[in-house]
Structures are given as C-alpha cells and as structure tokens.
Amino acid sequence: MTTGYLWHPLYGWNDTGSGSLTPADPAVGLQPVGHHFAHPDNKRRMHELVEVSGLLDQLHRVPARPAKRAEILRVHTEEHHDRIVAESALPKGGDAGDGVSPFGKGGYEIAALAAGGALAMVDAVVRGEVDNGFALVNPCGHHAVPETGMGFCVFNNVAVAVRHAQEVLGVERIAVVDWDVHHGNGTQAVFWEDPRVLTVSMHQDRLYPPRGGTVGERGGGAGLYTNLNVPRPPGTGDAGYVDAMDAVIVPALRAFQPDLVVVACGFDPSYFDPLAHTMVSAAGFATLTERVMEAAAELCDGRLAMVQEGGYSIHYVAICGAITIATLAGVEPIADPYLALLADVYGIHALEEHQLASRKAAEVLVADIP
Ligand SMILES: Cc1nn(C)c(C)c1/N=N/c1ccc(/C=C/C(=O)NO)cc1
Ligand SMILES: [Zn+2]
C-alpha cells in the first residue's frame with residue numbers, strides 16, 4: 001500500500017503571537033504566555049516524530065502547494081479572502097476573524113498553503129498516485145465558514161479540497177468525517193445544502209463553537225439529511241468514540257456510498273488535550289483510523305485522505321499523530337509511551353462500564369430519595 005504524506009516547514013512558522021487564546025491584556029490580567037494554544041510547535045513536533053521514528057521513509061511524499069485564489073473562492077467570499085491578504089501584509093499580521101485566531105505577517109501564504117496541502121493530498125488520492133494519505137497542514141480549517149475564519153482556522157482546508165475533487169476531478173459523492181473534538185461547523189455550513197457531500201462531525205457536546213453541533217442540525221434544502229452531528233459527553237474515551245464510529249458513522253457511510261472519504265483529523269480529543277476532555281488515547285485514534293480504512297476499502301477502493309485539524313497537547317499530539325499515520329500506512333507504529341499511565345484510566349475503558357456505573361448510581365441514588 002502506498003500512503004501519501006504532506007508537510008511543509010512553513011506550517012511550523014504560523015505566528016500565533018504571545019497570547020494564550022486572546023492576545024495578552026494586562027488590564028484584565030491576561031499575561032503574555034508565549035505560546036498560543038494553536039502555536040505551530042504541536043504540528044512541527046508531529047512532523048519531527050514522523051521523521052525521527054523512521055515512519056517518513058515508509059511514506060510517499062506529496063508536495064504541498066498554495067491554493068490559488070480561485071480555488072479558495074470556491075468556498076470563501078472575496079471579502080474574506082481579500083481581508084486576509086490585506087492583514088497578512090501588515091507588519092504584525094492580523095486575525096482570521098474572531099479575535100482569537102491571530103496570524104503574523106505572511107499568514108495568508110501559510111493559510112493558502114494549508115488549503116493547498118489538503119487539496120494536493122485529495123488530488124493524489126483521487127488520481128491514484130497514492131492509495132491513501134495524511135496531510136499534516138497548519139493552520140486548521142474546519143471552523144472557517146465562507147464569510148470568515150474562526151476557531152484558529154483561516155480557510156476551510158477540507159472544503160477547498162472537496163470542492164476541487166468535485167469540480168476538477170469529477171468525484172460524485174464525498175464523505176467528510178470530522179473527529180476533531182470541536183464541532184466542524186465550517187464544513188457543515190459549506191456543504192449544508194449539497195446532497196453530494198455527507199458531512200459528519202463527532203465532537204465533545206456543546207464545547208465549541210458555543211452551543212453548536214447539535215443532533216438536530218441535519219442539513220437543508222437539497223442537502224437535507226446529509227449532515228450528521230454526533231455530540232459526545234466529556235470523558236467519553238476510546239470506547240465512546242469507537243462506539244459512535246461503529247453505531248453511527250460507519251452505517252452512515254454505508255448508506256451514503258461515497259466515492260471518496262476525507263477525515264478532518266484533530267487530535268484534541270486526546271486524554272492530555274488542554275482544550276477538551278474526551279480522554280481518547282493514541283490507541284483510540286488508531287482504532288478510529290482502522291474503522292474508516294475498512295469502510296473506505298468496502299465502499300470506495302480504499303480512497304481515504306486525512307487532513308490535520310486541531311490538537312493542543314504538547315505531550316501527546318505528536319504521539320497520537322505518528323501512531324495514526326502508521327496505522328494508515330499499515331506499518332508497525334511506535335509504542336505509546338503514555339499507555340502505562342493511561343491503561344486503567346476511567347474514560348479509556350469500555351463504554352458499558354460508564355453505562356453500568358450510571359445505572360447503578362441512579363438505582364442507589366433514586367432508591368434513597370425519601
Ligand atoms: C477566547 C474566546 N472567547 N470567546 C467568547 C470565544 C468563543 C473564544 N474562543 N474560544 C475557542 C476558540 C477555538 C477553540 C478550538 C479550536 C479548535 O481546535 N478547533 O478544532 C476553542 C475555544
Ligand atoms: Zn479542535
């Protein structure tokens with residue numbers, strides 16, 4: 001099997017400033033913390049582990065290239081695109097659009113390279129240059145809507161890639177599976193009325209964007225019922241994510257019959273992520289990857305492109321990423337050095353334990369009500 005891999009050093013140069021989420025503001029007690037949550041080091045370290053572990057030698061390098069303006073405009077408005085171009089030319093750069101997604105001077109070129117990287121990987125998979133592949137791009141994209149960027153996302157990388165597959169490569173039916181821990185609101189919005197694209201997002205319930213990603217958001221117009229949200233509670237763990245994959249996502253893929261599967265792959269569901277609490281281990285991501293590989297093999301000759309989204313643990317993103325990519329390539333992954341720590345942690349284990357514990361608690365607590 002030939003697995004494609006895409007990375008560019010510029011992804012590690014995205015300047016997110018010295019704030020943590022919002023820029024430092026002494027008047028309200030916000031000190032400069034040096035590394036914004038979305039600091040590019042998390043993804044740069046992931047690339048370095050892919051290289052240092054020898055995994056890179058087993059992958060087929062797919063070159064990144066900037067998305068052209070016309071390719072970005074298949075998803076975004078001219079106003080949004082041109083504002084990013086303008087702010088990117090400023091000495092201190094600008095913001096994707098929500099005040100918590102900063103970029104430095106030259107941020108446009110990096111964001112265009114992220115969208116172009118996703119596009120290049122989807123192109124390589126559809127043309128059969130590789131069987132499947134992983135595009136380690138930065139900044140992430142799944143929150144970006146046509147009119148603006150948000151949630152650390154400037155352009156919707158996956159949406160730009162999907163539009164390319166539709167309009168240039170003639171791919172009829174495309175499924176996007178988003179297991180980033182935050183709701184893929186941008187991708188949902190772009191394809192809301194498009195019956196040819198199934199968008200599925202599994203995420204921590206009502207985490208971000210605030211109040212979004214509910215089960216009732218099913219798509220609209222011609223696209224009705226082609227959007228699925230699978231919100232999961234904090235502490236869901238490997239079993240909860242795999243349960244949702246088996247019970248909802250794989251059946252949805254079977255029903256939709258895609259010609260291509262794209263995974264918006266965030267590692268912020270991980271146990272050590274500072275922005276969420278769903279407690280997934282590297283083994284959990286490997287199992288999710290196996291499941292979508294099996295589904296793609298069954299439905300579309302294995303055509304599967306994975307595109308990096310979020311992931312903020314300085315300790316664990318690189319490990320989850322290297323193990324995920326090794327799984328995609330069908331080669332022996334590195335051992336998870338945190339597995340011993342996680343082996344018996346609540347939330348990693350069987351979902352039934354959660355359900356049993358809740359039922360037992362309910363019996364006792366309810367029985368004691370006077
Ligand atoms: C600050 C602030 N203040 N307010 C009002 C809001 C809404 C703020 N944004 N918070 C955020 C922004 C982005 C993320 C995660 C992005 C990601 O990883 N996506 O995959 C989480 C929280
Ligand atoms: Zn996220």
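In which helix does Asn-42 lie? In this predicted model, Asn-42 is found in helix 1, which spans residues 41-52. With a relative accessibility of 5%, below the 20% cut-off, Asn-42 counts as buried. Its side chain is engaged in a polar contact of 2.9 Å with the side chain of Arg-45. Leaving aside residues up to four places away in sequence, Asn-42 touches Phe-37 as well as a group from much further along the numbering, namely Gly-311, Tyr-312, Ser-313, Ile-314 and Val-317. One of these contacts, Tyr-312, turns up again below, as a member of the second nonpolar core.

The nonpolar interior comes next. The largest nonpolar core holds 104 residues, and the members that touch the most others are Leu-6, Phe-134, Trp-179, Val-262, Val-263 and Leu-304. Helix 4, covering residues 107-126, is the biggest contributor to this core, supplying 13 residues. Apart from it there is a second core of seven residues, among them Ala-38, Ala-144, Leu-275 and Tyr-312. As a general point, nonpolar side chains in soluble globular proteins tend to be buried together.

Strand 10 offers a good view of how the interior is built. All five residues of this strand, 304-308, are buried, and strand 10 is therefore largely enclosed by the rest of the structure. In a regular strand, side chains alternate between the two faces of the sheet. Here both faces are covered, with Leu-304, Met-306 and Gln-308 buried on one side and Ala-305 and Val-307 buried on the other. Strand 10 also has neighbours to pair with. Strand 5 (residues 132-135) runs parallel to strand 10 and is joined to it by four bridges, with Phe-134 standing opposite Met-306. Strand 9 is likewise parallel to strand 10, linked through five bridges, and here Val-263 has Met-306 as its bridge partner. Met-306 thus faces Phe-134 in one pairing and Val-263 in the other. Both Phe-134 and Val-263 are listed among the core residues that touch the most other members. The connection from strand 9 through helix 8 to strand 10 forms a right-handed β-α-β unit.

The metal site draws on loops beside some of these elements. The zinc ion (ligand 2) is coordinated by two OD atoms of Asp-180, by ND1 of His-182 and by an OD atom of Asp-268, at 1.9 to 2.7 Å. Along the sequence these donor residues follow the spacing D-x1-H-x85-D. His-182 sits in the loop between strand 6 (174-178) and helix 6 (185-190), while Asp-268 sits in the loop between strand 9 (260-265) and helix 8 (282-300), so the pair ties together parts that are 86 residues apart in sequence. Both donors are withdrawn from the surface by the accessibility criterion: His-182 counts as buried at 8% relative accessibility, and Asp-268 counts as buried at 0%.

A further histidine, His-164, belongs to helix 5 (residues 157-167). Its relative accessible area is 5%, and His-164 is therefore buried. The side chains of His-164 and Asp-123 are joined by a polar contact of 2.7 Å. Besides Asp-123, His-164 touches Glu-71, Arg-74, Leu-119 and Leu-169, again not counting residues up to four places away in sequence. For a sense of scale, the C-alpha atoms of His-164 and Pro-26 are separated by 45 Å, the two residues being 138 positions apart along the chain.

How values were computed: Residues are numbered from 1 along each chain as its sequence is written. Chains are lettered from A and ligands numbered from 1 in the order in which they are written. This is a predicted model: local features need pLDDT of at least 70, side-chain atom pairs count only at pLDDT 80 or more; totals for chains, interfaces and linings use all residues. Side-chain values use heavy atoms; hydrogens and water are left out. A nonpolar core is a set of buried Ala, Val, Leu, Ile, Met, Phe, Trp, Tyr and Cys residues joined through side-chain atoms within 4.5 Å. Buried means under 20% relative accessible area, exposed over 50%, partly exposed in between (1.4 Å probe, protein chains only). Helices (H or I, at least four residues) and strands (E, at least two) are DSSP runs, numbered from the N terminus. Donors are N, O and S atoms within 2.8 Å of the metal (3.2 Å for Na, K and Ca); water is not among the atoms, so sites may look incomplete. A polar contact is a pair of N or O atoms within 3.5 Å; within protein, one must be able to donate a hydrogen and the other to accept it, and residues adjacent in sequence count only if both atoms are side-chain atoms. Contact means heavy atoms within 4.5 Å. Two strands pair if DSSP finds at least two bridges between them. A crossover is right-handed if, with the strands pointing away from the viewer, the path from the first strand over the helix to the second runs clockwise.
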